[in-house]
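Okay, everyone, thanks for coming. I'll put the structure up, and then we'll walk through a few spots in it.

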Amino acid sequence: MTITEHQIDTGAWTAERVKAVDKEYVIHSWSVQGSLDPIPVAGGSGSWFWDYDGRKYLDFQSQLVNLNLGHQHPRLVEAIRAQAEELCYIGPGFAERSRAELAEMIANLTPGDLKMSFFTTGGAAANENAVRLARHVTGRHKIVARYRSYHGATAGAMSLTGDPRRWAAEPGISGVVRMLDPYTYRCPAGHPDPCPVCSGGPHLEELLQYENPETVAAVIVEPVTGTNGLLYPPDGYLQSLREVCDRYGIILIFDEVMAGFGRTGEWFACNHWNVTPDILITAKGLNSGYVPLGAMTVNERISDWLRTNMFWGGMTYAGHPLACASGVASLRIMQDEGIVDNSRAMGERLGAGLAQLAERHPSIGDIRGRGLFYGVELVKNRATKEPLVPFNAKGPAAAPVGKLLKAAMERGVYLTANFNVLRLTPPLVINAAEIDLALGVLDEVLALADEHYQG
Ligand code: PLP
């Protein structure tokens with residue numbers, strides 16, 4: 001039997017053939033397979049990708065908020081090609097140039113005394129390693145995580161995750177304790193002044209009383225929540241967590257898989273508040289996802305600990321040379337092309353444009369963002385803040401947002417949402433004309449959300 005005997009068609013790869021073979025053989029993430037109708041994509045460049053008919057889409061998502069340098073950045077593609085010619089793979093036990101260089105660059109770019117890095121194939125694996133390491137370093141077991149969070153789809157990372165995708169993976173790993181989020185627009189504590197939840201420390205401290213702080217190894221948070229609603233903490237929040245963690249000898253882990261490397265208009269989201277974690281988790285923007293890569297970067301104290309204690313972690317592809325070479329090239333491009341500055345400048349343009357849209361569209365309840373990391377929260381009523389679609393909406397309940405996203409796609413702008421929150425996260429290489437184009441399309445499609453307005 002040969003490979004071709006099983007093939008649906010052995011002719012040219014037309015759009016129809018890509019669709020048919022995909023439908024028959026590919027399992028897509030987080031979906032009922034029969035309900036899918038994915039667009040066959042033929043190529044991409046910069047902020048755009050296109051289908052086989054040449055129809056172009058402005059990628060206002062950066063795919064999974066990872067393609068920070070846009071599609072097919074020539075220097076990045078060339079760096080991967082050059083590394084492939086030099087050395088495609090060498091085991092993690094050897095010292096290798098691109099791996100060493102990337103680790104050194106990360107130590108130099110990250111805040112405070114963050115120093116040594118362990119490289120993985122993505123964010124989830126980096127979080128898994130961070131939790132296990134925090135448990136070994138402290139000799140404690142519990143991990144505090146938050147509800148409005150996503151940390152990855154492996155067993156431990158999914159247990160840390162608060163988003164409803166966790167439910168299908170339960171029961172998860174033991175020892176995860178959950179705290180509420182500083183969601184100031186919909187504060188779970190009713191937002192008294194001062195608010196114990198939105199100020200961070202008081203809520204964490206109360207929870208630690210009940211859990212026994214001496215059993216808690218780590219607190220893990222996304223400094224700016226990505227997938228679960230684009231939530232920015234109030235000033236002082238991260239400092240407050242840092243102070244409580246220090247007081248109880250708890251390791252503070254920042255998951256900047258989505259927010260790191262320029263997304264928020266700073267190299268790292270935590271730079272906005274000058275707070276340094278003990279462990280920083282990155283992936284996505286680290287190399288724009290051209291080759292799977294994640295990193296766990298630990299501070300000097302943990303680095304010193306690792307020099308005399310066992311690191312109980314490893315993967316065949318830990319520090320894969322192709323991934324690390326793309327990381328090195330990516331960070332150089334970011335510096336040479338002023339990508340963080342562009343993120344900040346284009347973010348200001350996007351923010352100003354959104355503020356104008358809010359004057360015309362009553363369904364805009366809240367706009368949250370810095371750099372190119374924006375969330376637009378859609379409501380049925382600004383006074384009651386009733387969401388346009390409920391939390392965890394599916395099927396017909398999610399239709400008002402689904403229709404808006406479809407209408408944007410028909411107009412050539414690729415957008416996604418987390419229930420009632422639109423995610424606006426274009427590539428950091430985007431230009432002013434492309435921002436304006438997306439704002440124009442948003443202006444048109446937000447009319448569909450306004451139709452549900454009841455204020
Ligand atoms: N952490 C955060 C904040 C994320 O947004 C994601 C993915 O979206 C992950 C972790 C998981 O990363 P990966 O999908 O590379 O495992």
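So, which helices and strands each supply at least two residues of the lining of the second largest pocket? There are two helices and two strands to look for: helix 4, at 97-109, and helix 9, at 300-308, plus strand 4, at 114-120, and strand 10, at 294-299. Keep in mind that this is a predicted model.

Let's stay with that pocket. The volume of the second largest pocket comes out at about 520 Å³. Its lining runs to 24 residues, and the ones nearest the centre are Ala103, Met116, Ser117, Phe118 and Phe119. If you sort the lining by class, you get 15 nonpolar, 5 charged and 4 polar residues.

Now, helix 4 again, because it turns up in a packing pair too. Helix 4 packs with helix 10, residues 321-336, at an angle of about 40°, and the two axes are 8 Å apart. That angle is why we call helix 4 oblique to helix 10. The crossing of the two is left-handed.

Who's touching whom? On the helix 4 side the contact has Ser98, Arg99, Glu101, Leu102, Met105, Ile106 and Leu109, and on the helix 10 side it has Pro321, Cys324, Ala325, Gly327, Val328, Leu331, Arg332 and Gln335. Of the residues in this contact, 9 are nonpolar, 3 polar and 3 charged.

Last stop, the inside. The count is 1 cavity of 30 Å³ or more. The largest cavity holds about 40 Å³ of space. Around it you'll find Asn129, Arg132, Leu133, His136, Met310, Phe311 and Trp312. That lining splits into 4 nonpolar, 2 polar and 1 charged.

Conventions: Residues numbered from 1 in each chain as written. Predicted model: local features only at pLDDT ≥ 70, side-chain atom pairs only at ≥ 80, totals over all residues. Heavy atoms only, no water. 1 Å grid on protein atoms, 1.4 Å probe; cavity = no way out; pocket = protein on both sides within 12 Å on 5 of 7 lines; lining within 4 Å. Points joined across faces, edges and corners; volume = space filled by probe spheres on them. Helix = DSSP H or I, 4+ residues; strand = E, 2+ residues; numbered from the N terminus. Nonpolar A, V, L, I, M, F, W, Y, C, P; charged D, E, K, R; others polar. Axes fitted to C-alpha atoms, helices over the stretch in contact; angles between N-to-C directions. Parallel < 35°, antiparallel > 145°, perpendicular 65-115°, else oblique. Left-handed = near helix turned anticlockwise from the far one by under 90°. Contact = heavy atoms within 4.5 Å.
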